[in-house]
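Visitor: I would like to go through this model with the criteria in hand, asking at each step how a label was earned. Could you take me through it that way?

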Amino acid sequence: MNNQLSIKEKLQATLEKIQTKSDGSPITDLQLDKTLAAEIEQLTTELESVNPNLHPLLYATSLLEGTWQLQYSTAREIRSLVSLPLGLKLGKVYQVIDVANKLFFNLAQVKHPLGIVSGYVKVTASFEPAKEDFEPLPNKRINVYFDKRYLSIEKIFGINTPQLNPFKVVPANNPTSRTPTLDISYLDESLRIGRGGDGSLFILHKSDDLPEFTSSTSN
């Protein structure tokens, strides 16, 4: 077994071990003890060092295309979703990328454990390749421009509520003093690792189970 595959399997096994719930919701470092969070960071760094696609924006854009499900993150915005009000619980979190049009959207499913209500939050955005310091061409960094935020209730007590899907659409917040960036630090056919401009970590795996009615970036 080559080194890349061995490290990847160790990382995936560790992530599966901490996935205590069956709903597919992502885990954050705040939910783990420091030793386990440090172990995930170490395995991630080791895997990034054997990245088979060092220049994804130049030579591997086809691998970026499609639906990705978030497994683990240290990002502030994901941490905040883990603690929702009114007894709501975070479900699966997706990112869907349209490479040709340089668009993507993030979608977080939300539900009440008693089945009272279920819905999602979706944020649409565009992106562009960006040059890193001292790099002649863009190769793994993108600038991100958030567009709109959609708040949707899909069902109340199991009954579809199309009139509330969405019930609110507002402009998404972009930082005023900087442009958000994301470095694609590892990419293969089934796994992607990203590092935000603030150092936050995102680990995602390729997925094909995004609900049909949320599959358009133009909604």
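**Labels and the values behind them**

Guide: At 30% relative accessibility, Arg 79 counts as partly exposed, and I should add that the model is a predicted one.

Visitor: Why is Arg 79 called partly exposed, when its partner Asp 29 is called buried?

Guide: Buried requires a relative accessible area under 20% and exposed requires over 50%; Arg 79, at 30%, falls in between and is therefore partly exposed, whereas Asp 29, at 17%, is under the 20% limit and so counts as buried.

Visitor: What makes Asp 29 and Arg 79 a salt bridge?

Guide: The rule asks for a side-chain nitrogen of Lys or Arg within 4 Å of a carboxyl oxygen of Asp or Glu, and the closest N and O atoms of Asp 29 and Arg 79 are 2.7 Å apart, so the pair qualifies. The two partners come from distant parts of the chain, 50 residues apart, with Asp 29 in the loop between β1 and α2 and Arg 79 in helix α5. By the same rule the count comes to five salt bridges.

Visitor: Which residues are joined into one network by salt bridges that share partners?

Guide: The network consists of Glu 41, Glu 48 and Arg 195. Arg 195 forms a salt bridge with Glu 41, the closest N and O atoms being 2.9 Å apart, and Arg 195 also forms one with Glu 48, where the closest N and O atoms are 2.9 Å apart; both values lie within the 4 Å limit, so each pair meets the criterion. Arg 195 lies in strand β10 and Glu 41 in helix α2, so this pair ties together parts that are 154 residues apart in sequence, while Glu 48, also in helix α2, is 147 residues apart from Arg 195.

Visitor: Are the members of that network buried or partly exposed?

Guide: Arg 195 has a relative accessible area of 18% and Glu 48 one of 16%, and because both values are under 20%, both residues are buried. Glu 41, at 30%, is partly exposed.

Visitor: How do you know that the buried residues of α2 line one face of the helix?

Guide: The buried residues are Leu 36, Ala 37, Ile 40, Leu 43, Thr 44, Leu 47 and Glu 48. Seen down the axis of α2, they fall within an arc of 140°, so they line one face. The face turned away from this buried side carries the exposed residues Lys 34 and Thr 35, and the buried residues pack against α1, β2, β9, β10 and β11.

Visitor: How does the reach of helix α2 compare with the expected one?

Guide: Helix α2, with 15 residues, reaches 21 Å from its first C-alpha to its last, close to the 21 Å expected at 1.5 Å a residue. At its start, a side-chain oxygen of Asp 33 reaches to within 3.0 Å of the backbone nitrogen of Thr 35.

Visitor: What is in the largest nonpolar core?

Guide: The largest nonpolar core has 23 residues, and those with the most contacts inside it include Leu 64, Leu 70 and Phe 202. Apart from it lies another core, of 17 residues, among them Leu 32, Leu 43, Tyr 72 and Leu 191.

Definitions and conventions:
Residues numbered from 1 in each chain as written. Predicted model: local features only at pLDDT ≥ 70, side-chain atom pairs only at ≥ 80, totals over all residues. Heavy atoms only, no water. Helix = DSSP H or I, 4+ residues; strand = E, 2+ residues; numbered from the N terminus. Expected span 1.5 Å × (residues − 1). Buried < 20%, exposed > 50% of the residue type's maximum accessible area, 1.4 Å probe, protein only. Arc of directions from axis to C-beta. Contact = heavy atoms within 4.5 Å. Polar contact = N/O pair within 3.5 Å; in protein donor to acceptor, adjacent residues only side chain to side chain. Core = buried A, V, L, I, M, F, W, Y, C linked by side-chain atoms within 4.5 Å.
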